[in-house]
Amino acid sequence: RESIIMEALFTNHPKLKSPTFNPATTDYFTPAVTIEGGDILVARDDILLIGTGARTTTQGVDTILEMVKSTHKIQHVIVQELPEKPESFIHLDMVFTFLDRDLCMIYKPLILDNSRYRTVHITVVNGIVSHICEEPNILKVLSKLGMDCRTILCGGDSDERTQEREQWHSGANFLAIAPGKIMGYGRNVHTIEALSSEGFEIIRAADVASGKVKIEDYRQCVITVEGAELARGGGGCRCMTMPVNRALPD
């Protein structure tokens with residue numbers, strides 16, 4: 001029902017009017033095809049990141065590939081395998097999110113450390129899958145494609161238990177409302193401290209909402225959202241929103 005409602009909104013609302021892609025209307029749809037937005041990150045016009053695990057199946061990835069192939073452009077799809085349990089790994093944006101044009105928040109044990117969860121780079125040229133290869137991690141692929149990204153660690157770099165605890169509480173799940181201006185849970189104190197060490201000003205969501213603070217005054221800032229019950233449902237600020245295609249300022 002959620003998908004039907006969202007498709008109706010994006011197709012018909014005058015301010016949101018946008019073409020949608022509905023796998024259920026394709027000839028190759030099966031009940032095994034499932035896709036959720038938290039698993040999809042647009043890194044660049046020609047680079048798509050997709051997580052596959054509990055919510056987005058490999059059949060779902062194949063379906064997205066069919067859509068990508070129909071554009072007849074050179075496209076790169078980076079697929080990251082995720083654990084099916086625990087539920088803190090429900091989507092790719094629970095372990096990897098973009099904070100700025102060249103900066104990412106990552107959950108290090110899965111993204112950088114050796115693990116059994118693979119990273120696969122798929123290249124599409126003129127509507128045909130021309131190359132598929134396994135890569136060490138997402139960041140290595142992005143670098144090969146001309147996107148060198150620095151990282152900040154979810155939970156900081158103190159110890160793996162702290163990283164694990166804050167990842168469970170959506171510590172890597174940040175929403176970038178503009179380059180370098182992000183929102184996330186304030187209770188993940190080690191993650192927030194790591195952001196502060198990298199030059200992010202820490203401001204409270206309540207102060208922004210009241211007009212006490214203006215985010216336009218900052219080059220980099222993290223808007224901290226208070227809330228324990230929201231995270232119990234399994235998700236952070238990016239989970240509760242969706243990307244919007246925006247024109248960048250000149």
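**A walk through the predicted structure**

Strand S4 is largely enclosed by the rest of the structure, because five of its five residues are buried. This statement, like every one that follows, describes a predicted model, and S4 is a useful place from which to begin reading it.

S4 belongs to an open sheet of three strands, arranged in the order S4-S5-S8, in which the pairing is mixed. Strand S4, residues 96–100, and strand S8, residues 150–153, stand at the edges of this sheet, and since each has a single partner strand, one side of each is left without a neighbour in the sheet. From one strand to the next, the twist averages 30°. Within the sheet, S4 pairs with strand S5, residues 103–106, in the antiparallel sense, and four bridges hold the pairing. A hairpin of two residues joins S4 to S5, and the pairing can be followed residue by residue: aspartate 100 has leucine 103 of S5 as its bridge partner, while phenylalanine 96 stands opposite isoleucine 106 in S5. When looking at the side chains along such strands, it helps to remember that in a regular strand they alternate between the two faces of the sheet. Helix H6, residues 189–197, lies across S4, S5 and S8, and its direction makes an angle of about 145° with S8.

The next helix to consider is H5, which spans residues 160–168 and in which Thr162, Gln163, Glu166 and Gln167 are buried. Seen down the axis of H5, these buried residues fall within an arc of 130°, so they line one face of the helix. The general reason such a pattern can arise is that an α-helix has 3.6 residues a turn, so residues three or four places apart point the same way. On the other side of H5, Arg161, Arg165 and Trp168 are exposed. What do the buried residues of H5 pack against? They pack against helix H3, residues 108–111, and also against S8 and H6, and two of these elements, S8 and H6, have already appeared in the description of the three-stranded sheet. At the start of H5, a side-chain oxygen of aspartate 159 comes to within 3.0 Å of the backbone nitrogen of arginine 161, and just after the helix, serine 170 takes a positive phi of about 60°.

A second open sheet is built from five strands in the order S1-S2-S3-S6-S7, and its pairing is also mixed. Here S1 and strand S7, residues 128–135, stand at the edges, and because each has a single partner strand, one side of each is left without a neighbour in the sheet. The twist in this sheet averages 20° from one strand to the next. S1 and strand S2, residues 47–52, run antiparallel and are joined by four bridges, and in this pairing isoleucine 40 has isoleucine 50 of S2 as its bridge partner. Helix H2, residues 58–69, lies across S1, S2, strand S3 (75–81), strand S6 (119–125) and S7, running at about 165° to S2.

The cysteines deserve separate attention. A disulfide is a covalent bond between the sulfur atoms of two cysteines, and the structure holds zero disulfides. Cysteine 149 is in no disulfide, although the sulfur of cysteine 104, the nearest cysteine sulfur, is 3.9 Å away; to count as a disulfide, the two sulfur atoms would have to lie within 2.5 Å. Cysteine 149 counts as buried, because its relative accessibility is 17%. For cysteine 154, the closest cysteine sulfur is that of cysteine 239, at 13 Å, which is too far for a bond, and cysteine 154 also counts as buried, at 0% relative accessibility.

Two loop residues complete the tour. Threonine 26 is placed in the loop between helix H1 (2–12) and strand S1 (40–44), where it counts as buried because its relative accessibility is 19%, and its side chain reaches the backbone oxygen of proline 23 at 2.6 Å. Glycine 227 is found in the loop between strand S12 (221–225) and helix H8 (229–232), and with a relative accessible area of 27% it is partly exposed. Apart from its neighbours within four places in sequence, glycine 227 is in contact with His169, Tyr185 and Arg187. Glycine 227 and glutamate 164 are 63 residues apart in sequence, and their C-alpha atoms are 19 Å apart in space.

Technical notes: Residues numbered from 1 in each chain as written. Predicted model: local features only at pLDDT ≥ 70, side-chain atom pairs only at ≥ 80, totals over all residues. Heavy atoms only, no water. Pairing = 2+ DSSP bridges. Axes fitted to C-alpha atoms, helices over the stretch in contact; angles between N-to-C directions. Contact = heavy atoms within 4.5 Å. Buried < 20%, exposed > 50% of the residue type's maximum accessible area, 1.4 Å probe, protein only. Arc of directions from axis to C-beta. Polar contact = N/O pair within 3.5 Å; in protein donor to acceptor, adjacent residues only side chain to side chain.
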